[in-house]
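Q: Got a minute to walk me through this one? I've not looked at it before.

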Amino acid sequence: MSLALTRDELIRTHNLIDGQWTDAADGARFPVANPATGERIAEVANSGAADARAATDAAARAFPAWRDKLPRERAELLRRWHALIVANTDDLAKLMSMEQGKPLAESRGEVAYGASYVAWFADEATRIYGDLIPQQQRGKRMSAVKEPLGVVAAITPWNFPLAMIARKIAPALAAGCTVVAKPAEDTPLTALALAALAQEAGLPKGVLNMLSASREQGIAAVADWLADARVRKITFTGSTPVGKHLARESAGTLKKLSLELGGNAPFIVFDDADLDAAVTGLMASKFRNGGQTCVCPNRVYVQAAVYERFADLLATRVAALKVAPATDPDAQIGPMINTRAIDKIARHVEDAVAHGAKVLTGGKRLTELGPNYYAPTVLTGARDDMIVCCEETFGPVAPLFRFTDEAEALRLANDTPFGLAAYFYTQDIARIDRVASGLEAGVIGINEGAVSSEAAPFGGVKESGYGREGSKYGLDDYLSIKYLCQGGFDR
Ligand code: NAD
């Protein structure tokens, strides 16, 4: 796969600051690699603190005029942006597969998914209601109105290079905020193409600013945003340690935060479940994007009576998955993002095996395909003293744990500092109620493995973070409530 697109102008390797595509202040660049081969596909601006400052300057200048636009004017621009994203699906998908490695069909799906947030928040922009508060005292009228926060900094991970950044930028712009954004160092090209389409849609200069940076330089750029009082909010998707760092470092200027962090999702199969449906649900939730999703089941708990049958059914389906580069139209699992990721997966599986787990299928690197491939894996005999139980593997590995009753399943599922997603399969309606309310997670799949939707609130509890993306609640993270108390009324 080469970088030749239908529209080559979507390959952007500069920062978008104040409506201009610019080099980093010191002219530095860093390489972006194709994870399927390790080959360099582009060099992009390696931005630091000076570029971050320039982006904030532009966003702060653009804020008053953007805030004062009519909501339907902002909605109209978001709709135009949405139409351009959809019209350029093939190019965006190609860019994404090239830098992230996911199969082309999945990349197309992600373009549609990311675009759906833009369409959703275009509509929501016109529904930012306040309240007239019932009169409590004679002579006073009280009301509450919602206002945009100001400049928002968006920082995103590499696993969904388009959807994660779209679902932050769209609500921020809909609310009337302006944005400075930094995509992950592994996948800046998709995000920069998205910014180019926003510019093409007619977004005024400075309303959306985006810069690329290597990990080291990115830390310096974000540090500038953390210290700058003009940045009123940080919206972050990524790992829990980095989320905690952002929370600590933004305390000096008391910014509002939305943190969509790591997970360690349990997937529980009760003995009264429809086992075929449970296997299908697990295939969808565990192996999408090669297992590199924050809502991926990381621990699969299967009740003792159905354990062996479930394991056999699952292993048969997993062994049939086609592992191949994104260019192969039949690919179902692509390469992992980089060597660090593949080393982590191998370490988790080796540790599990050393502690007594059995490999039903997979369990090895596929070096014949390239540097970053790992065979989809099913492990039986998983236990809580294995690393797979407490750390996110972020790869195509399904460890099966055995449990005996509902109380034990709930205890094990909740025995983690994380609380993003949880799944369970049962046909007992009374149990559905009990388990759904007992699970400590922000997103619950009940007899369902595919839970994401722009219409639903997405986010975690515990150390998976706070804030919600998507749905009618998603705009609130970008708004503050102002209380107006007007005196001098006769009544
Ligand atoms: P990461 O936390 O390493 O990086 C995320 C972003 O933060 C990147 O842009 C990175 O450059 C930046 N960053 C890293 N260190 C930083 C620092 N010290 N200061 C400022 N910025 C910094 O995460 P990742 O490896 O890119 O992504 C994987 C993680 O993201 C997983 O834990 C996964 O569960 C999580 N994730 C969560 C969600 C969700 O919605 N909850 C979605 C996708 C991924």
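Q: In what handedness of crossing does H2 pass H5, left-handed or right-handed?
A: H2 passes H5 in a right-handed crossing; that is, the near helix is turned clockwise from the far one by less than a right angle, and anticlockwise would be left-handed. Before we go on: this is a predicted model, where local features need pLDDT of at least 70, side-chain atom pairs count only at pLDDT 80 or more, and totals for chains, interfaces and linings use all residues. Residues are numbered from 1 along each chain as its sequence is written, and side-chain values use heavy atoms, leaving out hydrogens and water.

Q: Which residues make the contact there?
A: On H2 they are Arg74, Leu78 and Trp81, and on H5 they are Ile169, Ala170, Leu173, Ala174 and Ala175. Contact means heavy atoms within 4.5 Å.

Q: And at what angle do the axes of H2 and H5 cross?
A: Roughly 155 degrees, with the axes of H2 (residues 71–87) and H5 (residues 163–175) coming within 9 Å. Axes are lines fitted to C-alpha atoms, for helices over the stretch in contact, and angles run from 0 to 180 degrees between N-to-C directions. H2 and H5 are therefore roughly antiparallel, a label for angles over 145 degrees. Helices here are DSSP runs of H or I with at least four residues, strands are E runs of at least two, and both are numbered from the N terminus.

Q: Let's zoom in on Ala174. Is it buried or exposed?
A: Ala174 is buried, at a relative accessible area of 0%; buried means under 20%, exposed over 50%, partly exposed in between, using a 1.4 Å probe and protein chains only.

Q: What does Ala174 touch?
A: Leaving aside residues up to four places away in sequence, Ala174 touches Arg74, Leu78, Phe121, Ala125, Ile128 and Leu475. Its C-alpha atom is also 6.2 Å from that of Ala122, 52 residues apart along the chain.

Q: Switching to the sheet: what's the strand order?
A: S14-S15-S16-S13-S12-S18-S19, an open sheet of seven strands with mixed pairing. Strands pair if DSSP finds at least two bridges between them. The edge strands are S14 (358–361) and S19 (443–446), each pairing on one side only.

Q: How many bridges join S12 and S18?
A: Three, in the parallel sense. In S18, Tyr425 is the bridge partner of Val269.

Q: Which strands does H14 lie across?
A: H14 (residues 429–438) lies across S13, S18 and S19, and runs at about 165 degrees to S18.

Terms used. Angles under 35 degrees count as roughly parallel, over 145 as roughly antiparallel, 65 to 115 as roughly perpendicular and the rest as oblique.
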